[in-house]
Amino acid sequence: MKKILLLTDLSDGYGRNLLRGIVRYSKEYGPWVFYRMPLHYRELYGEEAVVRWAHQWKADAIIAQSGNMNIEKLEELKIPIILQNYKERTDKICNITGDYFKTGEMAADFFLNRGFTHFAYYGFKDTIWSRERADGYVSRIKKRGLTVSIRNTDGRKTSMHRPDDPNALIGWLSALPKPSALFACDDYFASQIVETCKMCNISVPDEIAVLGVDNDELLCSISDPPLSSIVLDVEDGGYRAAALLHKLMDKKISRTFDIVIPPVRIESRQSTEKYLIADKQILRIIEYVGKNYAKPISVDDIMRQVPLSRRMLEKRFKKETGISLYQYILRYRVEKLSELLIKTDRSLSESAEACGFDDYKNLARVFRKYKNMTPLQYKNRYGYRLPESDSKR
């Protein structure tokens, strides 16, 4: 039986989902036994105490959140270590990391597609995941000739669990042009923005639309309004990290690897329920697609909604959204289909039909264009799973 020491934070959804994946792997290929050592134990007693305890317990491996941890001290145990990177990645030890840049790009695309022209980012200065999410967000928006107002909290004065200076934050939010689209580095920071907006009577989402990361259901649901968030493939990341750890413990591999957790989709809630389309005719078309995407939509159907020629409609639509009307409808249907594949146990054909895809033969090609995998691959990777109690009946 393998003994795994966990030096991780389970106070948020990310940490708990990561552990779910690790435990799922251990049940399939174990048995493993876990001991969770709270992060404050190391802060109180130092790495020497952690090393001493792990040695006495005869731990076979460690999964740890890096932070300010003295990795060299843990390496004295001469057992496999996987780090959930926090401040920086290391090339000496395997990392559980993320495609943070792509996460920022996804946030930017989400807001750009809603017609926003003013953008903001709220993050944490001293962490790689916040910096790279900001880089992806800013890079995408700059390509459209637009700018981003950035506020990073100072690591010397604040931390993930100590709020930013409320007066300074209120001043920054009040000075943002309205309406603005604000992307926060995670759900904790996003919920802080929503709470601060309430304090200074800034309406969310009418004046500032807010998007977080991690889809921590507790944080997102207690936010008022409920918080939209980017969903990460964290549980699968935990599963892959456990598989890597297993190979390291069995000495089947020796070199280091990164487990990269990608963003999957955006769980849209009330904090971003706003489209900023200046052209009222184009807004009418977008609303029409949202109500009728499950039905066949012909050019004639669309043309009946607005007093425009087809050429003028296409020109004005692309000006407002950055893509053609045909591409918009396809992408909208793909996003709706991906939601059904994840959240329900419907068959692929039923889900496709419910999202307006009548050409089943070309579905895989269209879906792959937007998601880099087929619908079946997407469903198998991210899709609906029966709760464990039900799956054993």
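**Exercise 1. Find what surrounds the side chain of Ser180, starting from the backbone oxygen of Pro177.**

Step 1. The backbone oxygen of Pro177 lies 2.4 Å from a polar atom of the Ser180 side chain. A polar contact is a pair of N or O atoms within 3.5 Å; within protein, one must be able to donate a hydrogen and the other to accept it, and residues adjacent in sequence count only if both atoms are side-chain atoms.

Before going on, a word on the model: it is predicted, so local features need pLDDT of at least 70 and side-chain atom pairs count only at pLDDT 80 or more, while totals for chains, interfaces and linings use all residues. Residues are numbered from 1 along each chain as its sequence is written, and side-chain values use heavy atoms, leaving out hydrogens and water.

Step 2. Place Ser180 in strand 8 (residues 180–184); helices (H or I, at least four residues) and strands (E, at least two) are DSSP runs, numbered from the N terminus.

Step 3. Check burial: Ser180 has a relative accessible area of 1% and is buried. Buried means under 20% relative accessible area, exposed over 50%, partly exposed in between (1.4 Å probe, protein chains only).

Step 4. List the contacts (heavy atoms within 4.5 Å). Leaving aside residues up to four places away in sequence, Ser180 touches Phe116, His118, Glu207, Ile208 and Ala209.

**Exercise 2. Work out which residues of helix 12 are buried and what they pack against.**

Step 1. Helix 12 covers residues 310–321 and reaches 16 Å from its first C-alpha to its last, close to the 16 Å expected at 1.5 Å a residue. That expected span is 1.5 Å times one less than the number of residues.

Step 2. Its buried residues are Leu313, Phe317, Glu320 and Thr321. They sit on the same side of helix 12, because they cover an arc of only 80 degrees around the axis, taken from the directions from the helix axis to the C-beta atoms.

Step 3. These buried residues pack against helix 10 (280–292), helix 11 (299–303) and helix 13 (325–343).

Step 4. Now turn the helix over: the face away from the buried side of helix 12 carries the exposed residues Arg311, Lys315 and Lys319.

**Exercise 3. Describe the salt bridge between Arg140 and Glu105.**

Step 1. A salt bridge is a side-chain nitrogen of Lys or Arg within 4 Å of a carboxyl oxygen of Asp or Glu. For Arg140 and Glu105, the closest N and O atoms are 3.2 Å apart.

Step 2. The pair links helix 5 (residues 128–142), home of Arg140, to helix 4 (residues 100–112), home of Glu105.

Step 3. Arg140 is partly exposed at 26%, whereas Glu105 is buried at 17%.
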